[in-house]
Amino acid sequence: MPALSEVEFAVTMMVNAYHRWMVRCMAAAGSPGMSPLDTLVLHTVNHRDRPKSLADICLVLNIEDTHVVTYALKKLEKSGLIVTGKRGKEKMVEITTAGEAICLEYRRLREALLVGPVKALGMDEQELSRLAATLRSVSGHYDQAARAAAAM
């Protein structure tokens, strides 16, 4: 299926460009040295302005290896962008005022530098939403194939 190979190559290019964008945008927003995962975790913690558990973050980001998220959380807490606490036995994470400010500046830069050029492609938001839904669906097939390969 050559078309699937085309999709895989396009996703590889997209992921690399997206990671480069996140790192450089976070630096421009005032938080240099953050990895793409640090950025994703920070924005996930900030989303909907309510505390998140480690399990919530891993589920949303589709990450199996909780230790990589735990490491990102430690870095973000050390930077003063999040705070951690406990709810029962569960570790909970919340955004700080400084973390929220970085996320807002990232958003402002994203609107200024990225949204306009993407709109200029002529794709409407419904088309982009359909593309996102297709990619999420295909990712489920990759997850299933990975489970099957692990069981061999």
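Helices here are DSSP runs of H or I with at least four residues, strands are runs of E with at least two, and both are numbered from the N terminus. With that in hand, one spot to find is Asp-49, which sits in the loop between α2 and β1 (52-53). Before going further, keep in mind that this is a predicted model, where local features need pLDDT of at least 70, side-chain atom pairs count only at pLDDT 80 or more, and totals for chains, interfaces and linings use all residues. Residues are numbered from 1 along each chain as its sequence is written, and side-chain values use heavy atoms, with hydrogens and water left out.

Let's start with the overall layout. The protein has 6 helices and 3 strands, and read from the N terminus the elements go α-α-β-α-α-β-β-α-α. Taken along the principal axes, the C-alpha atoms fill a box of roughly 50 × 45 × 25 Å. Of the 152 residues, 22% are buried, where buried means under 20% relative accessible area, exposed means over 50%, and partly exposed is in between (1.4 Å probe, protein chains only). As for contacts (heavy atoms within 4.5 Å), take those between residues at least 6 apart in sequence: 51% of them join residues at least 24 apart.

The UniProt record, an unreviewed entry, lists residues 34-99 as "domain: HTH marR-type". UniProt positions are given in the numbering used here, feature names are shortened, and annotations may be inferred rather than shown by experiment. In the model, that stretch is 53% helix and 21% strand, and its end C-alpha atoms are 12 Å apart.

Now for the inside. A nonpolar core is a set of buried Ala, Val, Leu, Ile, Met, Phe, Trp, Tyr and Cys residues joined through side-chain atoms within 4.5 Å. The largest one has 23 residues, and those with the most contacts inside it are Val-41, Leu-42, Val-45, Ile-57, Leu-73, Leu-76 and Ile-82. At least two residues of this core come from each of α1 (2-29), α2 (36-46), α3 (54-61), α4 (66-78), β3 (90-95) and α5 (97-119). The largest share, 5 residues, is supplied by α1. If you want one residue to click on, try Leu-73: leaving out residues up to four places away in sequence, Leu-73 touches Val-41, Val-45, Leu-54, Ile-57, Ile-82 and Val-93.

Next, follow α2 and its helix partners. Axes are lines fitted to C-alpha atoms, for helices over the stretch in contact, and angles run from 0 to 180 degrees between N-to-C directions. Angles under 35 degrees count as roughly parallel, over 145 as roughly antiparallel, 65 to 115 as roughly perpendicular and the rest as oblique. α1 and α2 pack with their axes 9 Å apart, at an angle of about 70°, so the two helices are roughly perpendicular to each other. Tyr-18, His-19, Met-22, Val-23 and Met-26 of α1 make this contact with Pro-36, Thr-39, Leu-40, Leu-42 and His-43 of α2. For residue classes, Ala, Val, Leu, Ile, Met, Phe, Trp, Tyr, Cys and Pro count as nonpolar, Asp, Glu, Lys and Arg as charged, and the others, Gly among them, as polar. On that scheme, the contact of α1 with α2 has 7 nonpolar, 3 polar and no charged residues.

The other partner is α5. The axes of α2 and α5 come within 10 Å and cross at roughly 105°, which means α2 is roughly perpendicular to α5. Here Thr-39, Leu-42, His-43 and Asn-46 of α2 meet Gly-99, Glu-100, Ile-102, Cys-103 and Tyr-106 of α5. This contact of α2 with α5 divides into 4 nonpolar, 4 polar and 1 charged residues.

A few single residues round out the tour. Thr-44 is in helix α2 and counts as buried because its relative accessibility is 9%. Not counting residues up to four places away in sequence, Thr-44 touches Lys-52, Ile-57, Val-60 and Leu-61. Asp-49, the loop residue from the start, is exposed at 60% relative accessibility, and its phi is near 50°, a positive value in a residue other than glycine. Asn-62, in the loop between α3 and α4, has a positive phi too, near 55°. Finally, Arg-136 in helix α6 (residues 125-150) is exposed, with a relative accessible area of 56%.
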